[in-house]
Amino acid sequence: MAMKVLIPDSIALSLPVIEGIEFIEYSVTATDFTAVQDAELLVMWMNSPENTLAAVEQLINLKVVQTLAAGPDHVLSANFPSHIQIASGRGLHDKTVAEHALTLTLSLIRSIPRLLKSQSSHEWNFSIIEAQAAPSTSNLYTLNGANVLIYGFGSIASHLSPMLQALGANVTGVARNAAVKNGFKVISELNSKSSLAEADVVISLLPYEKSTEKYFDKAFFQAMKKNAIFINVGRGKTVDEVALEDALRSQIIRSAAIDVTFDEPLSSDSTLWEIPELLITPHISGGRPQNSEDLIAFNSKALLNGDAIRNQVAR
């Protein structure tokens, strides 16, 4: 009998025919897995909470859960039995998230939100014209020569860093341990204080776990350079949003852009919407995993043959 692999209907996939494996599509909103209770691998993408709970309770033969999300936090918090291996979608969102991070960074550096407001009021913004040309402030309007600090230097950062470097930025990564990754210097968190004080741009790609919850807090923002900008395309729960709002309204930092929020979707009555110096996008940096078929096929064959799976997450 072929090994059953459950494929979500929330994404269009073209999977190869693999001997000994049966790919079965399921609804990500369904709550009844009776017909496929013997499935051994579950692929998850945009699953409803009810569907996830049903999978935990009903898929008694499950051996691997493969999420297509870069961050596996939602799967880890679902309480699948400890013997089940969890695999992340690491690498599936590298280019799209890097692209969005660069877009947000350039939008703030070039004051696009302010210029859009000027356009809506039919105003030719002379103040920005003068500021970007003045010797004392021109450096605030370009990445050329800017110091960029990236927190969470994994595969996404490896794609983003060369883009920033190509525009003249000096890129440094921050991780638990110091290293050199893909030609870029990565410093340890413990030794990042002086670099933070000199950074013109701070970009977060941090995953969410208990140790990173509200990592970017009041003390962090106060340690940043006054004219620095902050970008978050990692996880919303890594930011203390009260501290971020205070830092922006008190002009402790220049501006910020976030693609993720602590609770999603962001409530319509959140005061974050009203901060002029904050650009918000609705978690669209990822949302379109690339080459998912290759990862699913690899891990399906690995499970079938008793080999190590790719992107396994520590539990």
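This is a short chat about aromatic rings in the predicted model above.

Visitor: What kind of model is this, and how are residues numbered?
Guide: It's a predicted model, where local features need pLDDT of at least 70, side-chain atom pairs count only at pLDDT 80 or more, and totals for chains, interfaces and linings use all residues. Numbering starts from 1 along each chain as its sequence is written, and side-chain values use heavy atoms, leaving out hydrogens and water.

Visitor: Okay, how many aromatic pairs are there?
Guide: The count is 11 aromatic pairs. Rings of Phe, Tyr and Trp (its six-membered ring) pair if their centres lie within 6.5 Å; planes under 30 degrees apart are stacked, over 60 edge-to-face, and the rest tilted. One of them is Tyr 215 with Phe 220, a tilted pair at 6.3 Å centre to centre with 55° between the planes.

Visitor: Is Phe 220 buried or exposed?
Guide: Phe 220 is buried, with a relative accessible area of 9%. Buried means under 20% relative accessible area, exposed over 50%, and partly exposed in between (1.4 Å probe, protein chains only). Tyr 215 is partly exposed at 22%.

Visitor: And what about Phe 221 and Phe 230?
Guide: Those two form an edge-to-face pair, 5.3 Å centre to centre and 90° between the planes. Phe 221 is buried at 1% relative accessible area, and Phe 230 is buried at 0%.

Visitor: Which residues do ring pairs link into a cluster?
Guide: Tyr 151, Tyr 215, Phe 216, Phe 220, Phe 221 and Phe 230.

Visitor: New topic: which residue lies over the face of Tyr 141?
Guide: That's Arg 254, at 5.2 Å from the ring centre. A charge sits over a ring if NZ of Lys or CZ of Arg is within 6 Å of the ring centre and within 35 degrees of the ring normal. Lys 214 lies over the face of Phe 262, at 5.6 Å from the ring centre.
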